[in-house]
Amino acid sequence: MERPRLSPLILALDTSDLDEARKVAGSLEGLVDVVKVGLQLFSSAGTGALESLRGDGFEVFLDLKLMDIPNTVSSAILALCDLEPFMLTLHAMGGQEMMRAAEAAVRDHCRRGEIRRPMLIGVTVLTSMDLLALRKIGVSDSVEGQVERLAKLAKDSGMDGLVTSPLETLKVRRSVGPDMTLVTPGVRFEGDSRDDQKRVSTPADALRAGADFLVVGRPLYRAVDPRSVASEMLRSIGGGRP
Ligand code: C5P
């Protein structure tokens, strides 16, 4: 799939307020090309969030973490494809059949409608889940083992990439090879507030570990001068355009 060269910084728009989201995104024009719309903004502003942000010139990473029976996911995802997001997330826990059905439906729908196919990104184990949480849902493997299993399953099921925490990026990159797109949140400069992130990485370390895109929220939208923080992040990774 032919992809344009985009800034590796993805701005997470973790707000319910579309006007505020557009304002922050607009302040980073030229430094950030992709913005992340998650459940919070999508639930409050709906499909209009994508239309507005795309109209403002941004690519959208639509992070709704889809998971349901194959028929439901592969039907619902088609309406999302019509909004032409750049990336879409699905839970790898939904299983191979769900991911394969979604991938086939998306490919067919986009070819017929001559619309751009979004990258399908698998989510493995939520970083809010630890070993005890896995045991409670009947998973007997370690968090690492489960991440690796689901990462391979996502690759075998036609996903184009994965969300990986800073702690996992290196291992997952080694296990899935160079062709999967890895998207890594939890990015902070040394000495910055970690907020509620337990596992963080500097932008340079995350890219060295194999990330293609870095999802950054609070360090940018809470900054007094978001442009200077984004510029500094890009400088720290050598200009930043992969
Ligand atoms: O504000 P901060 O930079 O911590 O935001 C990171 C973004 O990445 C948020 O949108 C958060 O929901 C998301 N994310 C994360 N950890 C994951 C997956 C997604 O922080 N494992």
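These legends go with a set of close-up views of a predicted model.

**View 1. Helix H8 and the face it turns inward.**
Here we're looking at H8, which runs over residues 169–176. Thr169, Val172, Arg173 and Val176 are its buried residues. Down the helix axis they fall within an arc of 100 degrees, so they line one face of H8. The general rule helps here: an α-helix has 3.6 residues a turn, so residues three or four places apart point the same way. What does the buried set of H8 pack against? Two helices, H7 (143–156) and H9 (203–208), plus two strands, E6 (161–163) and E7 (181–184). Right after H8 comes glycine 177, with a positive phi near 85 degrees.

**View 2. Serine 175, a partly exposed residue of H8.**
Stay on H8 and pick out serine 175, which sits in this helix. Its relative accessible area is 22%, so serine 175 counts as partly exposed, the cut-off for buried being under 20%. Setting aside neighbours within four places in sequence, serine 175 is in contact with Glu148 and Lys152. Glutamate 148 is 27 residues away from serine 175 in sequence, yet the two C-alpha atoms are 7.3 Å apart.

**View 3. The largest pocket and its lining.**
This pocket holds about 970 Å³ of space. Its lining takes in 35 residues, and Lys36, Lys65, Thr127, Pro185 and Gln197 are the ones nearest the centre. Which elements give two or more residues to this lining? Strands E2 (34–38), E3 (59–66) and E8 (213–216) do, along with helices H2 (39–45) and H10 (218–221). Sorted by class, the lining of the largest pocket comes out as 15 nonpolar, 10 polar and 10 charged residues.

**View 4. Leucine 41 in helix H2.**
Leucine 41 belongs to H2. Is leucine 41 buried or exposed? With a relative accessible area of 0%, leucine 41 is buried. Not counting residues up to four places away in sequence, leucine 41 touches Leu13, Thr15, Ser16, Asp17, Leu18, Ala21, Gly46, Ala49 and Leu53. Take leucine 18 from that set: leucine 41 is 23 residues from leucine 18 along the chain, but 7.0 Å from it in space, C-alpha to C-alpha.

**View 5. Two nonpolar cores.**
The largest nonpolar core brings together 61 residues, and Leu11, Val35, Leu62 and Leu90 have the most contacts inside it. Helix H5 (residues 96–113) supplies the largest share of this core, five residues. Zoom in on leucine 11 and, neighbours within four places in sequence aside, you'll find Val24, Ala25, Leu28, Val32, Val34, Val35, Lys36, Val216 and Leu220 in contact with it. There's also a second, separate core of 12 residues, with Ile10, Val34, Ile121 and Val183 among them. So keep an eye on Val34: this residue of the second core is also in contact with leucine 11.

**View 6. Two glutamates with positive phi.**
Glutamate 84 isn't a glycine, but its phi is positive all the same, at about 50 degrees. You'll find glutamate 84 in the loop between helix H4 (70–81) and strand E4 (87–91). Glutamate 84 is partly exposed, at 24% relative accessible area. Glutamate 114 also has a positive phi of about 50 degrees without being a glycine. The loop between H5 and strand E5 (119–123) is where glutamate 114 lies. Glutamate 114 is exposed, with a relative accessible area of 74%.

Conventions: Residues numbered from 1 in each chain as written. Predicted model: local features only at pLDDT ≥ 70, side-chain atom pairs only at ≥ 80, totals over all residues. Heavy atoms only, no water. Buried < 20%, exposed > 50% of the residue type's maximum accessible area, 1.4 Å probe, protein only. Helix = DSSP H or I, 4+ residues; strand = E, 2+ residues; numbered from the N terminus. Arc of directions from axis to C-beta. Contact = heavy atoms within 4.5 Å. 1 Å grid on protein atoms, 1.4 Å probe; cavity = no way out; pocket = protein on both sides within 12 Å on 5 of 7 lines; lining within 4 Å. Points joined across faces, edges and corners; volume = space filled by probe spheres on them. Nonpolar A, V, L, I, M, F, W, Y, C, P; charged D, E, K, R; others polar. Core = buried A, V, L, I, M, F, W, Y, C linked by side-chain atoms within 4.5 Å.
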